[in-house]
Amino acid sequence: MYRAILPEGDFDCASYEQTDNGVELYTEEDELIAFVPYANLVAILNEDVDSVDDRSIL
């Protein structure tokens with residue numbers, strides 16, 4: 001599970017794909033939730049990592 005952090009709020013998603021202009025966020029059923037341009041993306045966090053020191057950030 002991932003969390004996309006935006007200045008206006010967060011999106012939870014099962015997976016994401018990087019494109020030339022941003023990231024596409026998907027559900028567990030591979031349905032597109034949202035497209036987030038890089039200019040609006042603060043970070044993508046891997047929610048499955050337990051340790052704060054080991055968080056995966058895009």
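## Asp10, Arg3 and Asp12

Let's start with Asp10, which sits at 42% relative accessibility and so counts as partly exposed. In this predicted model, Asp10 makes a salt bridge with Arg3, and their closest N and O atoms are 3.3 Å apart. Arg3 has a second partner in Asp12, where the closest N and O atoms are 3.4 Å apart. That gives a network of salt bridges linking Arg3, Asp10 and Asp12, and the count for the structure comes to 2 salt bridges.

How exposed are the other two members? Arg3 has a relative accessible area of 25%, so it is partly exposed. Asp12 is partly exposed too, with a relative accessible area of 39%. As for where these residues sit, Arg3 falls within strand E1 (residues 2–6), while Asp10 and Asp12 fall within strand E2 (9–13).

## The chain overall

Stepping back, what does the fold consist of? The chain has 0 helices and 6 strands, so reading from the N terminus you simply get β-β-β-β-β-β. 

Of the 58 residues in the chain, 26% are buried. The accessible surface adds up to about 3,900 Å², and carbon and sulfur atoms own 43% of that. On the contact side, take the contacts with a separation of 6 or more: 27% of them are between residues 24 or more positions apart.

## The E2-E1-E6 sheet

One open sheet has 3 strands in the order E2-E1-E6, paired antiparallel. Its edge strands are E2 (9–13) and E6 (43–46), each of which pairs on one side only. From one strand to the next, the twist averages 25°.

E1 and E2 make a hairpin with 2 residues between them, and their antiparallel pairing runs over 5 bridges. If you want to trace the register, Tyr2 stands opposite Cys13 in E2, and Leu6 stands opposite Gly9 in E2. On the other flank, E1 pairs with E6, again in the antiparallel sense, over 4 bridges. There, Ile5 has Ala43 in E6 as its bridge partner.

## The E3-E4-E5 sheet

Another open sheet of 3 strands has the order E3-E4-E5, and the pairing here is antiparallel as well. E3 and E5 are the edge strands, with each pairing on one side only. The twist in this sheet averages 20° from one strand to the next.

E3 and E4 run antiparallel and are joined by 4 bridges. For a handy landmark, look at Ser15, whose bridge partner in E4 is Tyr26.

## Tyr2 and Tyr16

How many aromatic pairs does the structure hold? There is 1 aromatic pair, and it is made by Tyr2 and Tyr16: the rings are 5.1 Å apart centre to centre, with 90° between the planes, which is an edge-to-face arrangement. Tyr2 lies in strand E1 (residues 2–6) and Tyr16 in strand E3 (residues 15–18), so the pair ties together parts that are 14 residues apart in sequence. Put that beside the sheet layout: E1 belongs to the E2-E1-E6 sheet, and E3 belongs to the E3-E4-E5 sheet.

Are these two tyrosines buried or exposed? Neither label fits: Tyr2, at 23% relative accessibility, counts as partly exposed, and so does Tyr16 at 26%. Recall that Tyr2 also stands opposite Cys13 in E2, so this one residue shows up both in the strand pairing and in the aromatic pair.

## Asp30 and its loop

One last stop is Asp30. It has a positive phi of about 60° although it is not a glycine. Where is Asp30 in the chain? Asp30 is in the loop between strand E4 (22–26) and strand E5 (32–37), two strands of the E3-E4-E5 sheet.

Is Asp30 buried or exposed? Its relative accessibility is 58%, so Asp30 counts as exposed. The acidic residues of the salt-bridge network have their own values: Asp10 is partly exposed at 42%, and Asp12 is partly exposed at 39%.

Conventions
Residues are numbered from 1 along each chain as its sequence is written. This is a predicted model: local features need pLDDT of at least 70, side-chain atom pairs count only at pLDDT 80 or more; totals for chains, interfaces and linings use all residues. Side-chain values use heavy atoms; hydrogens and water are left out. Buried means under 20% relative accessible area, exposed over 50%, partly exposed in between (1.4 Å probe, protein chains only). Contact means heavy atoms within 4.5 Å. Accessible areas come from the Shrake-Rupley method with a 1.4 Å probe; for residues, only the protein chains shown count as cover. Rings of Phe, Tyr and Trp (its six-membered ring) pair if their centres lie within 6.5 Å; planes under 30 degrees apart count as stacked, over 60 as edge-to-face and the rest as tilted. A salt bridge is a side-chain nitrogen of Lys or Arg within 4 Å of a carboxyl oxygen of Asp or Glu. Two strands pair if DSSP finds at least two bridges between them. Axes are lines fitted to C-alpha atoms, for helices over the stretch in contact, and angles run from 0 to 180 degrees between N-to-C directions.
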